[in-house]
Every structure is written in structure tokens, then in C-alpha cells.
Amino acid sequence: MLRGTSIFAAVAVAALLVTATGGTALSSSEAASRTASAAAATAGCGKTPTLRSGTHSIQSGGRTRSFILRIPDNYNNADPYRLIFGFHWLGGTANDVDSGGSSGFTWSYYGLRQLANNTAIFVAPQGLNNGWANSGGEDLTFVDDMLKLIEADLCVDTTQRFAGGFSYGGGMSYALACARATVFRAVAVYAGAQLSGCSGGTQPIAYIGLHGLRDNVLNISLGRSLRDTFVRNNGCTAQNPPEPAQGSLSHVVTAYSGCRSGYPVVWAAFDGGHTPGPVDGSTGDDGARTWTKEVVWNFFNQFQGGTDDTTPPTAPAGLAASGTTASSTNLSWTAATDDVGVAGYDVLRAPGASGGTFAQVGTSATTSYSDTGLTPSTTYRYQVRARDAAGNLSPVSATVAVTTTGGGSTGACTATPTVQTQWGSGYVVQPLTITNTSTSTINGWTVTFTLPAGHTLTGSWNAAVTTSGQTVTAKSMSYNGTLAPGAGTTSLGFQVSRPDGNTALPSGYTCTSP
């Protein structure tokens with residue numbers, strides 16, 4: 001699999017972080033907003049196409065630009081097709097995206113071409129100087145011009161335009177989300193940052209971000225920042241979604257709750273570096289085996305057939321609990337079905353073996369969920385329901401009851417901070433090491449510390465974090481709360497902004513355990 005591993009030298013980073021603006025928008029008819037209607041067909045529907053799969057040239061902004069086009073083998077000019085753009089990384093090429101590199105067809109267009117199985121038209125644009133600086137909005141104009149050419153010749157569903165890319169290509173996909181939110185239905189940003197600008201950036205669009213905890217090229221905090229733009233724009237409920245522990249070589253996918261109907265936000269964090277194709281249990285990447293292609297395809301595929309109707313999904317089946325500890329339990333279930341596509345699941349919980357009211361405690365984009373922060377020796381009941389992109393809710397699943405284990409004697413723990421990096425207006429503490437100093441296993445921990453006056457917590461990972469004034473409280477997650485005597489976890493970290501020139505750091509770290 002081809003990927004960018006030495007993507008940004010120091011000089012390149014400085015150049016790429018300049019915000020690009022401008023660009024010519026599509027006409028009002030081409031950029032029609034999404035409404036509850038059937039597929040919106042283009043002028044190319046019904047025509048005998050002149051475009052063929054392969055490399056094409058086009059004049060855009062006074063330059064000759066190129067792109068690779070892939071048309072379904074069984075193309076029918078009467079059927080409106082999805083249109084999916086795949087943007088390459090810095091130093092990469094359109095051919096890298098189209099061919100799939102060393103992984104071949106299984107990784108073509110980040111694995112989506114194989115999964116589409118001749119149901120979509122794919123486009124791999126070639127960036128200037130093998131990048132997407134988008135100076136003066138020229139790359140946005142390039143996309144506009146490609147759309148005009150393709151849709152005048154081929155049958156495209158204008159409610160089904162998608163874009164995705166890795167690293168610099170992720171930055172370009174983010175730029176499209178900002179500036180062409182009414183043109184594209186959804187975007188996928190793999191290990192991206194704001195590298196190609198964000199002209200506009202105030203309208204909602206379906207958004208999925210994927211980023212590695214140990215990305216040493218574009219820090220995961222940059223990906224979180226992009227995600228949070230559309231958490232706000234889409235009206236989602238703000239949260240610090242769970243992320244896997246460093247060293248776990250696993251991934252966690254979270255679907256935000258509360259988003260506007262049809263505008264979901266999903267965050268996929270993984271214990272890995274700067275790559276679009278991580279593999280669970282491995283430090284390498286492999287386009288043939290990565291989980292990212294199915295996650296992104298399922299995210300895009302939920303919007304098939306235009307907008308959803310009023311038909312709700314079926315109820316999830318087979319709800320089961322496993323791995324229950326004093327403070328957590330793991331839930332799993334069988335996927336629901338929907339006439340258009342399941343967007344995610346709501347997890348409901350009620351106290352006690354009977355009675356009590358079920359209330360939503362979380363969401364999941366997959367068929368599993370870990371509930372944490374539970375009380376030892378306590379019974380809880382759970383149900384799960386599915387929802388589609390239109391906000392239709394399924395009936396609830398059957399109920400499963402769990403009883404947490406006893407908390408045992410109160411344990412003892414310590415919290416030791418390490419300042420990873422500082423700059424004039426902020427800093428990152430990573431890791432905040434939690435160590436069990438007792439002689440028995442602890443099942444959960446709570447850390448508190450105090451931020452200096454004027455300092456504001458802007459991000460955190462691998463803990464459930466709340467703030468009250470300048471006091472920060474961080475509670476363990478299901479995957480890092482259980483520590484044997486003498487064992488520790490280095491998964492926790494956080495980022496803080498502060499007044500420029502203020503060099504104070506947090507103080508008063510304490511750690512307690514049930």
C-alpha cells in the first residue's frame with residue numbers, strides 16, 4: 001500500500017498551514033441543497049457517454065489539470081450513480097489512489113471501489129506539485145470544473161457526491177466540507193488537518209474523521225479540531241469520544257448523538273501512526289486488511305437512494321453483555337436493517353433489576369458499546385435501538401440485565417504528569433501516568449487537578465473528563481481502569497490553552513480508586 005510517511009518537512013509544514021480562500025462556487029442549480037426528494041439526475045442521464053475510464057485533462061483556472069475517472073463496468077446511462085472523489089497525500093499521485101498501490105484493487109480509492117462493486121463513479125484528481133495548497137481557491141475551482149464536465153456527460157445522482165482523502169488529501173476533503181457543503185453529501189478525512197483552507201465552514205455536512213493516536217506528522221489534536229467544526233455545524237451534542245489506549249493496537253468508532261437529521265458525525269480513533277490503513281493488532285498498515293474501508297463505506301452507504309423516508313429500522317437483536325467489572329460492562333448486538341441504511345445505535349440504561357426509567361447513556365456507530373463509570377455491586381438493565389439518517393428510530397431491543405462485581409477494598413493510586421510540549425499560548429500533558437500503589441487490583445480510578453487561572457482545557461483523551469471552574473476531574477474508561485498492583489497506564493493526556501506568555505502549569509494532582 002502506498003502512503004505518505006515522510007510527508008511534511010519543517011518548511012513544508014509552515015507553507016501548508018497558510019489558509020487558502022476563494023474559489024468559484026457552482027451555480028445554484030448545480031449546488032442544489034439536499035431535500036426530501038428522489039435522486040437528482042444530471043444532464044448526462046440518457047446520453048451516450050463520451051468519457052471513458054482512464055486519465056483525462058481539463059482546463060481549470062488557466063492551467064491544464066488532470067484526473068483519473070473510473071466508470072462502472074456495467075454503466076447504464078438511465079441510472080444515477082454515486083460520485084466519489086479520492087484525494088492523494090502530499091507526494092502521492094492520482095494513480096496511487098486509483099491503483100491502490102501495493103495492495104492493488106482492494107485499496108483502490110481507499111478500498112471503496114471494491115466495496116462499491118460497480119455502483120459508483122470514482123474520480124482521482126491530481127494535485128499541483130503533488131499537493132493541495134488550494135491557493136486562491138484554485139483546487140476548489142478544479143473540483144467544480146470536474147463536476148461540470150463529468151455530470152454533463154455521465155448520469156450522476158447529485159444527492160450522492162462524496163469525497164475523502166489522506167493527510168493533505170484529508171485537508172482538501174475538509175476544504176470541500178467547508179466550502180461545498182451543499183454540493184457534497186459527506187466527506188471522510190483520514191489523518192487530516194486544515195491544510196487546504198476552510199472558506200465558509202459554517203454549514204452542516206455529514207462528516208467522518210479517522211486519526212491515529214501516535215500520528216507524528218499531523219497530531220491527532222488537529223484531526224479533533226476539524227471534527228469539532230462539524231460537531232458544531234451539525235448541532236451534535238459535544239463530547240470527548242472514547243479513544244483506545246496507547247499500546248492496545250485497536251480502534252474505537254463513535255457516532256455523535258444529537259446531530260441534525262441527515263447530518264451525522266463519526267469519529268474513528270486508532271492506536272497507530274500517520275496512515276489511512278491501520279490494522280488492529282499490528283503496527284503496520286495494509287489496504288487489504290484494514291478496518292477503515294468498511295467503516296467509511298458504511299458511513300457513505302447510509303445515504304444511498306437520496307434522502308430517507310419515514311420507515312424506521314428493525315430492532316437490534318441478540319443484545320448481550322460481557323466482561324463486566326466493578327465499574328464497566330461491554331455490550332454487543334446483531335445489526336438492525338433499514339430500507340436506506342442504519343446510521344447508528346442509541347444505548348439505553350435503567351437502574352435496578354426492575355422498575356426505573358430507561359435513559360440514553362451513549363451511542364455507537366458499530367454493534368458494540370462499553371459502558372463505564374458504573375457502581376460496584378449494582379444491577380443495571382440495558383436496551384439498544386437503531387436510527388437511520390432521517391432520524392427514524394427502531395423499536396428497542398430485548399432487555400439485558402447485568403450486575404457489576406464488588407469493588408473490594410479502597411485502592412490507592414498516583415497521577416504523574418509529563419509535559420510533552422509547550423508553546424506561547426498552550427501545552428500538552430501526555431502521558432498523565434496513573435499507577436496502582438496498593439497491594440490489590442483496582443477497578444477504576446479518578447484523577448483531579450487544578451488549572452491555573454486563565455487556562456482552559458481544549459481537549460483530552462482516554463478518560464471521561466469534566467470541569468468545574470478550574471478543577472478538572474478525569475475518570476477511567478472501561479479499557480484502562482483495571483490495574484494490577486504496581487501496574488500503570490500511560491494512555492491519558494490533555495491539551496490546554498493559556499494566555500500568551502503565561503508559563504504556569506496545572507497543580508494538585510490526586511488519584512483515588514473505589
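Good morning. I begin with a single pair of residues: A320 has S332 as its bridge partner, and S332 sits in strand 11. Please keep in mind throughout that this is a predicted model.

That pair belongs to a wider pattern. Strand 10 and strand 11 run antiparallel to each other and are joined over four bridges. They are part of an open sheet of three strands, in the order 10-11-14, with antiparallel pairing. At the edges stand strand 10, residues 317-322, and strand 14, each pairing on one side only. On average, and with direction ignored, neighbouring strands of this sheet are turned by 20 degrees against each other. As general background, the strands of a sheet pair through backbone hydrogen bonds, in either a parallel or an antiparallel manner.

Let me turn to a second sheet. Four strands make up this open sheet, in the order 22-23-20-27, and the pairing is again antiparallel. Which strands lie at its edges? They are strand 22, covering 464-468, and strand 27, covering 507-512, and each pairs on one side only. Here the average turn between neighbouring strands is 15 degrees, direction ignored. Strand 22 pairs with strand 23, residues 471-475, in the antiparallel sense over five bridges. Within that pairing, S468 has T471 of strand 23 as its bridge partner.

Both sheets lead us to the next topic, the empty space in the model. In general terms, a probe the size of a water molecule, rolled over the atoms, shows where such space is left.

The largest pocket has a volume of about 940 Å³. How many residues line the largest pocket, and which of them lie nearest its centre? The lining has 35 residues, and those nearest the centre are Q239, P242, Y369, S370 and M477. Strands that we have already met return here: strand 11 (329-334), strand 14 (368-371) and strand 22 each supply at least two residues of this lining, as do strand 8 (251-255) and strand 13 (359-364). By class, the lining of the largest pocket comprises 13 nonpolar, 19 polar and three charged residues.

The second largest pocket has a volume of about 600 Å³. Its lining consists of 29 residues, with R224, R227, D228, T458 and G459 nearest the centre. Two elements give two or more residues to this lining, namely helix 6 (220-233) and strand 21 (456-461). Which element gives the most? Helix 6 does, with ten residues. The lining of this second largest pocket divides into ten nonpolar, 15 polar and four charged residues.

I close with the cavities. The count comes to three cavities of 30 Å³ or more. The largest cavity holds about 50 Å³ of space. Among the residues lining the largest cavity are I84, F85, Y109, Y110, Y190, V296 and F300. The elements that give two or more residues to its lining are strand 3 (81-87), strand 5 (156-166), strand 6 (186-190) and helix 7 (292-301). The largest share comes from strand 3, with three residues. What is the make-up of this lining by nonpolar, polar and charged residues? Ten are nonpolar, two are polar, and no charged residue takes part.

To return to the opening pair, A320 and S332 of strand 11 are bridge partners, and strand 11 also supplies at least two residues of the lining of the largest pocket. Thank you for your attention.

Notes:
Residues are numbered from 1 along each chain as its sequence is written. This is a predicted model: local features need pLDDT of at least 70, side-chain atom pairs count only at pLDDT 80 or more; totals for chains, interfaces and linings use all residues. Side-chain values use heavy atoms; hydrogens and water are left out. Two strands pair if DSSP finds at least two bridges between them. Axes are lines fitted to C-alpha atoms, for helices over the stretch in contact, and angles run from 0 to 180 degrees between N-to-C directions. On a 1 Å grid over the protein atoms alone, a cavity is a set of points where a 1.4 Å probe fits but cannot get out, and a pocket is an open set with protein on both sides within 12 Å along at least five of seven lines; lining residues have an atom within 4 Å of a point. Grid points are joined across faces, edges and corners, and a volume is the space filled by probe spheres set on the points. Ala, Val, Leu, Ile, Met, Phe, Trp, Tyr, Cys and Pro count as nonpolar, Asp, Glu, Lys and Arg as charged, and the others, Gly among them, as polar.
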